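Hello,

Here is the structure you were expecting. My notes on what was found in it follow below.

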Amino acid sequence: MSARPVRVALRGLPLNAGALIVFVLCVFPVYWMILTAFKPTADIQAETPVFLPTSVTLEHFSDALSADGFWSFWRNSLLVTAGCVLLALVVALGAAFAVARMRWKGRRGFVLMVFVAQVAPWEALLIPMYVIARDTGMLDRLATLTLVYFMITLPFTIVTLRSFLSAIPAELEEAAQVDGCTRAAAFRRVTFPLLAPGLLATSLFGFITAWNEFAFANMLIIKNQDDRTLPVWLSSFSNVFGTDWGATMAASTLFALPVLVLFLVLQRRVATGMTGGAVKG
């Protein structure tokens, strides 16, 4: 047996070990959350941590599902997230088409502004957005939260769809126009179906961003507590005896479930969309 494969394997050992350590550090909090959701209360409160389940209970999930307001806040999060994603897709699709397919004065400046907006920290917008919402009477409204999330996700959506559109030959649309299609019909029938991976990738990003966001939801929804979203509700989830860690972890697991299911369903197309948006254009 040649010694070369052994040397190659040894050279890759530190990199593989580092990757394994990073994987464990990233996955362990999720594992602990799910484990705690299924642990009996006695194991959760034990002085010695229990890393492997000795028994399983669904009591905490029952407590989370029956908690006051859980389904209302779930609905609020779903409405805000769906509205944000749909708005971002519609607006970004038009903007990306204008940038990728048309030549107009100020196009490069517009693209530069989009990139700047994308890299700007969201936290820097907290105070300005609060002041604007307060002065315009838009506090404590789900519509305001939807617009804020739309503003946050729009730059990334434009950049990704622009890159993906640039990777689709314009000649395909021109050929469809020669066959009698209008420009809009050529885009709808030829280009739009080819954009499916990019649309799914950007949709998933927008969904995760809006679904998990806490700071804006906590700041813009103050008086009307019925309009809170799930992340804000989870931060204050407790009972008369203090924080119910089992029910909190069960609610957190249920909260993370839609994103996980969506990603598993769209995994292949999302990977294609991310790759296309990253290396094309």
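Arg134 and Asp135 are joined through their side chains by a salt bridge, with 3.1 Å from N to O. This is a predicted model, so please read that distance and the other values here as computed from predicted coordinates. Arg134 is partly exposed, at a relative accessible area of 44%. Its partner Asp135 is exposed, at 55%. The cut-off that separates the two classes is 50% relative accessible area, and exposed means over that value.

The structure holds two salt bridges. The other pair is Glu173 and Arg101, whose side chains meet at 3.0 Å, again N to O. Glu173 belongs to helix α8 (residues 170-178) and Arg101 to helix α4 (residues 70-101), so this salt bridge ties together parts that are 72 residues apart in sequence. Both ends of the pair are buried: Glu173 has a relative accessible area of 4%, and Arg101 has 14%. Buried means under 20% here, which is why Arg101 at 14% falls in that class.

Next, a helix pair. Helix α5 (residues 107-119) and helix α7 (residues 142-166) have axes that come within 8 Å and cross at roughly 130°. The two helices are therefore oblique to each other. Roughly antiparallel would need an angle over 145 degrees, and roughly perpendicular one from 65 to 115, so roughly 130° fits neither class. The crossing of α5 and α7 is left-handed.

On the α5 side, the contact is made by Val111, Val114, Phe115, Ala117 and Gln118. On the α7 side, Pro155, Phe156, Ile158, Val159 and Arg162 take part. By type, the residues of this contact divide into eight nonpolar, one polar and one charged.

The last item concerns a single residue. Where does Tyr31 lie? Tyr31 is in helix α1, which covers residues 4-38. With a relative accessibility of 33%, Tyr31 counts as partly exposed. Setting aside neighbours within four places in sequence, Tyr31 is in contact with Phe51, Leu52 and Pro53. Tyr31 and Phe51 are 20 residues apart along the chain, and 9.5 Å separates their C-alpha atoms.

Regards

Key:
Residues numbered from 1 in each chain as written. Predicted model: local features only at pLDDT ≥ 70, side-chain atom pairs only at ≥ 80, totals over all residues. Heavy atoms only, no water. Salt bridge = Lys/Arg side-chain N within 4 Å of Asp/Glu carboxyl O. Helix = DSSP H or I, 4+ residues; strand = E, 2+ residues; numbered from the N terminus. Buried < 20%, exposed > 50% of the residue type's maximum accessible area, 1.4 Å probe, protein only. Axes fitted to C-alpha atoms, helices over the stretch in contact; angles between N-to-C directions. Parallel < 35°, antiparallel > 145°, perpendicular 65-115°, else oblique. Left-handed = near helix turned anticlockwise from the far one by under 90°. Contact = heavy atoms within 4.5 Å. Nonpolar A, V, L, I, M, F, W, Y, C, P; charged D, E, K, R; others polar.
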